[in-house]
Amino acid sequence: MIKRGEKIVKKTFDKIDSPHELLDFMSKNINYGYLGKSGRIYHCDDNDFNDNWFDDYILESKDDILKTLYGNCWDQVELERYWFDKKDYEVKTIFQMVKLNYNNNYPTHSFLIFRDKNDNWNWFENSDYENRGIHKFESIDKLLKYQYDKYLELLKTFNISDDEINKIIFTEFTKPVINISAPDYLEFVINSKPIVIKEGSDKN
């Protein structure tokens with residue numbers, strides 16, 4: 001049975017008519033966290049939030065995230081994809097990580113970009129609070145280079161080595177199978193279409 005609050009959230013989501021309205025909805029309603037295989041919702045302040053995600057995480061569907069109101073960047077991108085596809089925008093979904101052959105604590109990130117009516121490419125970001133917004137660029141190359149530079153800036157706070165910097169990858173991935181595990185998601189996005197980041201591209 002769908003609870004009254006869930007109906008209100010879904011009804012509000014269904015009425016969204018612009019990317020800015022979507023960002024406003026997500027910033028007010030979707031919190032950072034993830035859904036476990038047992039149905040548990042993990043919150044950022046849970047003591048086992050980081051310890052359990054790799055083994056217990058499952059990728060949420062659009063309906064899952066509108067019910068739980070929690071999702072990490074992997075989940076939130078799929079909610080965004082659903083809305084942008086429904087509105088017939090040209091979109092790409094991008095994954096970034098430091099691909100190493102040993103365990104590491106470097107963050108990964110998935111994000112969505114879309115082309116607007118003026119032929120600009122826009123980075124839509126909700127899950128990353130510090131960069132939340134819709135960021136417009138003249139070209140996709142400038143957008144991706146800007147995102148690469150932001151990612152590198154973050155990684156340097158983890159004291160990443162020069163050799164490890166060379167292991168940064170960006171891929172363009174299609175819609176994954178819903179409710180897959182973290183290892184399966186990573187295998188899917190890592191083996192998706194590689195992206196070459198071009199030098200000399202700055203934000204407008």
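User: Which residue forms a salt bridge with Lys145, the closest N and O atoms being 2.8 Å apart?

Analyst: Happy to start there, with the note that this is a predicted model. Both partners lie in helix 6, four residues apart, about one turn of the helix. In an α-helix, residues three or four places apart point the same way, because there are 3.6 residues a turn. The closest N and O atoms are 2.8 Å apart, and the partner of Lys145 is Asp149.

User: Is Lys145 buried or exposed?

Analyst: Its partner Asp149 is partly exposed, with a relative accessible area of 30%. Buried means under 20% relative accessible area. Lys145 has 8% relative accessibility, so Lys145 counts as buried.

User: Which strands do the buried residues of helix 6 pack against?

Analyst: Helix 6 covers residues 140-156, and its buried residues include Leu143, Leu144, Tyr148 and Leu155. Helix 6 packs on the sheet, and its direction makes about 135° with that of strand 8. Besides helix 7 (162-165), its buried residues pack against strand 4, strand 5, strand 6, strand 7 and strand 8.

User: In what order do the six strands of the open sheet lie?

Analyst: Let's walk through some neighbours. Strand 5 and strand 6 pair in the antiparallel sense over four bridges, and five bridges join strand 6 to strand 7. Strand 8 and strand 9 are joined by two bridges and run antiparallel. Across the open sheet the order is 7-6-5-4-8-9.

User: Which are the edge strands?

Analyst: An edge strand here pairs on one side only. One of them contains Lys193, which stands opposite Glu172. The edge strands are strand 7 and strand 9.

User: How many residues of strand 6 are buried?

Analyst: Good one to check in the structure. Trp121, Trp123 and Glu125 point one way from the strand, Asn122 and Phe124 point the other way, and all are buried. On its neighbours, Ile113 stands opposite Trp123, while the bridge partner of Asn122 in strand 7 is Lys136. The number of buried residues in strand 6 is five of five.

User: Which element gives the most residues to the largest nonpolar core?

Analyst: In soluble globular proteins, nonpolar side chains tend to be buried together. This core has 38 residues, and Trp74, Ile168 and Phe170 touch the most other members. Elements giving two or more residues include helix 5, strand 4 and helix 8. With six residues, the one that gives the most is helix 6.

User: Which residues of helix 6 does Phe170 touch?

Analyst: Residues up to four places away in sequence are not counted here. Elsewhere, the contacts of Phe170 include Ile94, Phe111 and Ile197. Helix 6 spans residues 140-156, and the contacts of Phe170 there are Leu144, Gln147, Tyr148 and Tyr151.

User: How many residues apart in sequence are the parts that the pair of Asp17 and Lys87 ties together?

Analyst: Asp17 forms a salt bridge with Lys87, with the closest N and O atoms 3.5 Å apart. Asp17 counts as exposed at 54% relative accessibility, and Lys87 as partly exposed at 32%. Asp17 is in the loop between helix 1 and helix 2 and Lys87 in the loop between helix 5 and strand 4, so the parts tied together are 70 residues apart.

User: Which residues are linked with Arg40 in a network of salt bridges?

Analyst: One pair is Arg40 with Asp48, whose closest N and O atoms are 2.8 Å apart. Asp48 is partly exposed, with a relative accessible area of 22%. The residues linked with Arg40 in the network are Asp46 and Asp48.

Definitions and conventions:
Residues are numbered from 1 along each chain as its sequence is written. This is a predicted model: local features need pLDDT of at least 70, side-chain atom pairs count only at pLDDT 80 or more; totals for chains, interfaces and linings use all residues. Side-chain values use heavy atoms; hydrogens and water are left out. The expected span of a helix is 1.5 Å times one less than its number of residues. Buried means under 20% relative accessible area, exposed over 50%, partly exposed in between (1.4 Å probe, protein chains only). Contact means heavy atoms within 4.5 Å. A nonpolar core is a set of buried Ala, Val, Leu, Ile, Met, Phe, Trp, Tyr and Cys residues joined through side-chain atoms within 4.5 Å. Two strands pair if DSSP finds at least two bridges between them. Axes are lines fitted to C-alpha atoms, for helices over the stretch in contact, and angles run from 0 to 180 degrees between N-to-C directions. A salt bridge is a side-chain nitrogen of Lys or Arg within 4 Å of a carboxyl oxygen of Asp or Glu.
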